[in-house]
Amino acid sequence: MKTWTTGKQLAICSTLLGLMLISSIVVLLLTPHTFVRALHLVVVVALSMAPGAFAREFFLLREKKKQAKREA
């Protein structure tokens with residue numbers, strides 16, 4: 001079995017997460033039922049937290065590497 005690189009896995013997972021997020025947003029905007037809107041609003045917020053936290057850590061790590069280069 002062929003092993004995937006981390007970049008490919010990250011791209012596929014990000015794409016799937018984005019598709020799930022878009023489908024939840026469409027349901028949130030188009031449904032007339034309050035309970036379904038509330039439920040999908042929670043899903044949208046929860047799904048948005050993961051990429052936000054990843055992006056934050058990515059930029060912090062990048063800044064830390066730049067700082068280490070400046071000190072060296």
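Okay, phenylalanine 58: you'll find this residue in helix H2, where helices (H or I, at least four residues) and strands (E, at least two) are DSSP runs, numbered from the N terminus. Phenylalanine 58 has 43% relative accessibility, so it counts as partly exposed. The cut-offs there are under 20% relative accessible area for buried, over 50% for exposed, and partly exposed in between, with a 1.4 Å probe and protein chains only. From phenylalanine 58 to alanine 72 you go 14 residues in sequence and 21 Å in space, C-alpha to C-alpha.

Before I go on, the housekeeping. This is a predicted model, so local features need pLDDT of at least 70 and side-chain atom pairs count only at pLDDT 80 or more, while totals for chains, interfaces and linings use all residues. Residues are numbered from 1 along each chain as its sequence is written, and side-chain values use heavy atoms, with hydrogens and water left out.

Now, the helix itself. H2 covers residues 34-71, which makes 38 residues, and its first and last C-alpha atoms are 55 Å apart, close to the expected 56 Å. That expectation is 1.5 Å times one less than the number of residues. Phenylalanine 35 is in H2 too, and that one is exposed, at 64% relative accessible area. Go from phenylalanine 35 to arginine 56 and you cover 21 residues in sequence and 32 Å in space, C-alpha to C-alpha.

Which residues of H2 are buried? His40, Val44 and Leu47. On spacing, here's the textbook bit: an α-helix has 3.6 residues a turn, so residues three or four places apart point the same way.

Next, charges. How many salt bridges does the structure hold? There are 2, taking a salt bridge as a side-chain nitrogen of Lys or Arg within 4 Å of a carboxyl oxygen of Asp or Glu. Arginine 56, the residue I just mentioned, pairs with glutamate 57 at 3.1 Å, N to O. Arginine 56 is exposed at 52%, and glutamate 57 is partly exposed at 45%. The other pair is arginine 70 with glutamate 63, at 3.5 Å, N to O. Here arginine 70 is exposed, at 59%, and glutamate 63 is partly exposed, at 41%.

Over to the loop between H1 and H2, where threonine 31 sits. Buried or exposed? Threonine 31 is buried, with just 11% relative accessible area. If you skip the neighbours within four places in sequence, threonine 31 is in contact with Val36 and Arg37, contact being heavy atoms within 4.5 Å.

On to helix H1, residues 6-30, which includes valine 26. Valine 26 is partly exposed, at 41% relative accessible area, and it belongs to a nonpolar surface patch with Ile22, Ile25, Leu29 and Leu30, about 500 Å² of accessible area together. Patch members need over 30% relative accessible area and no salt bridge; like charges are joined within 9 Å, and nonpolar side chains (Val, Leu, Ile, Met, Phe, Trp, Tyr) within 5 Å.

Last thing, the whole chain. We have 2 helices and 0 strands. The radius of gyration is 18 Å, whereas a compact globule of 72 residues would be near 11 Å; the radius is over C-alpha atoms, and the globule rule is 2.2 Å times the number of residues to the power 0.38. Along the principal axes, the C-alpha atoms fill a box of roughly 60 × 35 × 15 Å. Buried residues make up 8% of the 72. The accessible surface is about 6,300 Å², with 73% of that on carbon and sulfur atoms. Those areas are Shrake-Rupley with a 1.4 Å probe, and for residues only the protein chains shown count as cover.
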